[in-house]
Amino acid sequence: MGHKTTSDVRILHYHCNNGQFADNAFKNSCSAKGQRLTFCGVNAHFQNGIAEKAIRDLWESARKQLLYVRQGWPAAIHLALWPYALRSAVNLHNTLPVLEDGTSRLECFSSIRIGSK
């Protein structure tokens, strides 16, 4: 069954850590939408390797953006900019055409073509 997102993507299964995802409200919501839910073992981050790698890549991209700006305009850099740099990194990660067929991750996820091809 699964739950449709705004992009018509059906989420059928979540595999997550035991933090906030073990909350009863989240588990009940998944159950109501017909979504399966499994959890990683304690300290078994390797079970979510793809997600952990993506998080690390986003963190490094945001860090690089701030370091680059600091070289040219050091007075403009402040810790408060971190969320904006991370959001920018996420936007780039999702929308740049990096897949073999010239599409973006967002296009692949949503099955909606927005590129020039």
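"Buried" here means under 20% relative accessible area. Keep that in mind. What we have on screen is a predicted model. Of the chain's 117 residues, 16% count as buried.

Let's start with the layout. The chain has 4 helices and 4 strands. Along the sequence, the pattern reads β-β-β-α-β-α-α-α. How spread out is the chain? Its radius of gyration is 18 Å, while the globule rule gives 13 Å for 117 residues, so the chain is more spread out than a compact globule. The C-alpha atoms fill a box of roughly 50 × 40 × 25 Å along the principal axes.

Now the surface. About 9,100 Å² is exposed. Carbon and sulfur atoms supply 59% of that.

Next, the strands. Strand 3 covers residues 13–16, and strand 4 covers residues 36–39. They run parallel, joined by 4 bridges. One pairing to look for: cysteine 16 has phenylalanine 39 in strand 4 as its bridge partner. Helix 1, residues 24–32, completes the picture, making a right-handed β-α-β unit with strands 3 and 4.

On to the core. Which residues make up the largest nonpolar core? Leu58, Ala62, Leu66, Ala85 and Ala89, 5 residues in all. Helix 2 (49–72) and helix 3 (82–95) each give two or more of them. Helix 2 has the largest share, with 3 residues.

Zoom in on leucine 58. Leaving out residues up to four places away in sequence, leucine 58 touches Leu86, Ala89, Val90 and His93.

Last, contact range. Take contacts between residues at least 6 apart in sequence: 31% of them join residues at least 24 apart.

Technical notes:
Residues are numbered from 1 along each chain as its sequence is written. This is a predicted model: local features need pLDDT of at least 70, side-chain atom pairs count only at pLDDT 80 or more; totals for chains, interfaces and linings use all residues. Side-chain values use heavy atoms; hydrogens and water are left out. A nonpolar core is a set of buried Ala, Val, Leu, Ile, Met, Phe, Trp, Tyr and Cys residues joined through side-chain atoms within 4.5 Å. Buried means under 20% relative accessible area, exposed over 50%, partly exposed in between (1.4 Å probe, protein chains only). Contact means heavy atoms within 4.5 Å. Two strands pair if DSSP finds at least two bridges between them. A crossover is right-handed if, with the strands pointing away from the viewer, the path from the first strand over the helix to the second runs clockwise. The radius of gyration is taken over C-alpha atoms; the globule rule is 2.2 Å times the number of residues to the power 0.38. Accessible areas come from the Shrake-Rupley method with a 1.4 Å probe; for residues, only the protein chains shown count as cover.
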